[in-house]
Amino acid sequence: MNLSTTYLGLELKNPIMCGACPLGTNVDMIRQLEDAGISGIVLPSLFEEEIQHAVRALMEMEAAGPSSAEASSYLPDPEGYHVGPNEYLELITKAKEATSIPIIASLNGATAGGWTKYAEKMVAAGADALELNVYLLPFGAEETGASVEERTIEIVRAVKEAVNVPVAVKLSPFFSSLANMSKKLVDAGADGLVLFNRFYQPDIDIEELDVVPNLRLSTSEELRLRLRWLAILSGQIETSLSATGGAHTAVDVIKSIMAGAHTVQMVSALLIHGADHVGRCLEALEFWMKEHDYDSIDKMLGSMNLTKTPNPEAIGRANYMKVLDSWNE
Ligand SMILES: Cc1cc2nc3c(=O)[nH]c(=O)nc-3n(C[C@H](O)[C@H](O)[C@H](O)COP(=O)(O)O)c2cc1C
C-alpha cells in the first residue's frame, strides 16, 4: 500500500499532517506526533505584530547605548502560547534536529512590510517550507474587494521574494471569486493553497456588555465547505492543495483526498484525542483503501473533483435546490 503523497514538492510518507496549533510549540510533542505517524507539521504562527514588537524593542535597546545593545539576544516574553521571534527560530532548529519529517514554519500577518523578511530567518533556521496565513479583516466600507486581493497578493510576493523554499497560502473562504483569487495567488508565486483559514468569531457577553473571544474546536461538519472548494480548484489550478478545518476521521481524510487535497491537516481532532489518533486514522485509511482496491493515494487524488465527478452539478448551484428539496424526503 502506497500512502505517500507530494505536497509543495516535499515527499510525505502519508497525507495526514498536524496543522498550526499549540501542539507544535513543544519538540517532545512534535516527536510524539511523528511517532504516531504524522507526515509533516505546520508550526504555530509567528505573528506580524510579534515580529514588529521585537524589532522595536531591539531598536530601542540599540538607541539606548552599547551596554543595552549587548543584550540584543533579549526579546519580549511570549504572550499566550505563542513564542517570540527568537524562540521561534530555536523551535524550528530543534524540531528539525529531533525529527525527520518536514517542518513548515507559519507566518501570520495582514500588511506587506519589513516583517515579511523574517521568512528568510525561518528558512535559515531550517524550515522546509512556509505557510503564510494572511489574516486580513477589511473593516473599511471604502476598501474594495480588488484592493483586499491586491494587499494579499503583495504579501505573498514579498514572502516569496525573501525565500527559496516553497510557500503555501492559508486562504480565507470569503473572497468573492475564490477560484480567480486562487489563480492569482499561484501566478504570484504561491506553491500551494491551504483551505481554509478558520476565523474565530467573537461573541457578545450581554451581562458584562463586552465582546468576548471564544475558541471552539471544529467538528467534521466544517469539512464540507473545504470539500466543495477543493473539488472546484483541483483540476482547474495546478498547485498543491491542503485541507484544514473539520478533518477528524479517516473518512474525512478520504473525502478530502478525493476532492483534490494532497494533504490533510488535523488540529481539533488531535487536541481532543491526542497524538495516537493519527495512528488510528492511518490504520483505518489503509484498511478502507484495501477494501476498495486502491493501492495508492495518487489513485484517489482528485477522483471526485469537479472535472472527474459523475455529478458535477452537485458541487455547483443545482446542489442548492436539491438540498432544499431533500428536507421533506
Ligand atoms: C488552539 C488553536 C491554535 C491555533 N493556532 C493557529 C496558528 O497559530 N496559526 C494558524 O494559521 N492557524 C492556527 N489554528 C488553526 C488551525 O491550524 C486549523 O486551521 C483549524 O483549527 C482548523 O482545523 P481543525 O478543524 O482540524 O481544528 C489554531 C487552531 C487552534 C484550535
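Which residues does Ala95 touch, not counting residues up to four places away in sequence? In this predicted model, the contacts of Ala95 on that count are Val27, Ile30 and Ile103. Ala95 is placed in helix α4. Because its relative accessibility is 0%, Ala95 counts as buried. The C-alpha atom of Ala95 lies 33 Å from that of Met181, a residue 86 residues apart from Ala95 along the chain.

Two of the contacts of Ala95, Val27 and Ile30, also appear among the residues through which helix α1 meets α4. Two packed helices are described by the angle between their axes and the distance between the axes. For α1 (residues 27–36) and α4 (residues 85–98), the axes come within 10 Å and cross at roughly 35 degrees. The crossing of α1 past α4 is right-handed. On the α1 side, the contact involves Val27, Ile30, Arg31 and Glu34, which meet Leu91, Lys94, Ala95 and Ala98 of α4. By class, the residues of this contact comprise five nonpolar and three charged, with no polar residue. An α-helix has 3.6 residues a turn, so residues three or four places apart point the same way.

Elsewhere in the chain, helix α8 (223–233) is one of the elements that line the second largest pocket. The space in this pocket amounts to about 600 Å³. Its lining consists of 19 residues, of which Arg224, Leu227, Arg228, Ala314 and Ile315 are the closest to the centre of the pocket. At least two lining residues are supplied by each of α8, α9 (250–259) and α13 (318–325). The largest share, six residues, is that of α8. In composition, the lining of the second largest pocket has eleven nonpolar, four polar and four charged residues.

Helix α8 also has a set of buried residues, namely Leu223, Arg226, Leu227, Leu230, Ala231, Ile232 and Leu233. Leu227 is thus listed both among these buried residues and among the residues closest to the centre of the second largest pocket. The buried residues of α8 pack against α7 (178–187), β8 (192–195), β11 (240–244) and α9. After α8 comes Gly235, with a positive phi near 95 degrees.

Strand β11 contains Thr244. Thr244 counts as buried because its relative accessibility is 9%. Leaving aside residues up to four places away in sequence, Thr244 touches Lys170, Val194, Leu195, Phe196, Arg226 and Gln265. One of these contacts, Arg226, is a buried residue of α8. Two others, Leu195 and Phe196, are joined by a cis peptide bond, with omega about -5 degrees. Phe196 is located in the loop between β8 and β9 (203–205).

Most residues other than glycine have a negative phi, and most peptide bonds are trans. Positive phi values in residues other than glycine are found at Leu8, with about 55 degrees, and at Asp293, with a value near 60 degrees. Leu8 belongs to the loop between β1 (5–7) and β2 (10–12), whereas Asp293 is in the loop between α11 (276–291) and α12 (297–300). With a relative accessibility of 5%, under the 20% limit, Leu8 therefore counts as buried. Asp293, by contrast, counts as exposed because its relative accessibility is 71%, over the 50% limit.

Terms used
Residues are numbered from 1 along each chain as its sequence is written. This is a predicted model: local features need pLDDT of at least 70, side-chain atom pairs count only at pLDDT 80 or more; totals for chains, interfaces and linings use all residues. Side-chain values use heavy atoms; hydrogens and water are left out. Axes are lines fitted to C-alpha atoms, for helices over the stretch in contact, and angles run from 0 to 180 degrees between N-to-C directions. Helices (H or I, at least four residues) and strands (E, at least two) are DSSP runs, numbered from the N terminus. A crossing is left-handed if the near helix is turned anticlockwise from the far one by less than a right angle, and right-handed if clockwise. Contact means heavy atoms within 4.5 Å. Ala, Val, Leu, Ile, Met, Phe, Trp, Tyr, Cys and Pro count as nonpolar, Asp, Glu, Lys and Arg as charged, and the others, Gly among them, as polar. On a 1 Å grid over the protein atoms alone, a cavity is a set of points where a 1.4 Å probe fits but cannot get out, and a pocket is an open set with protein on both sides within 12 Å along at least five of seven lines; lining residues have an atom within 4 Å of a point. Grid points are joined across faces, edges and corners, and a volume is the space filled by probe spheres set on the points. Buried means under 20% relative accessible area, exposed over 50%, partly exposed in between (1.4 Å probe, protein chains only).
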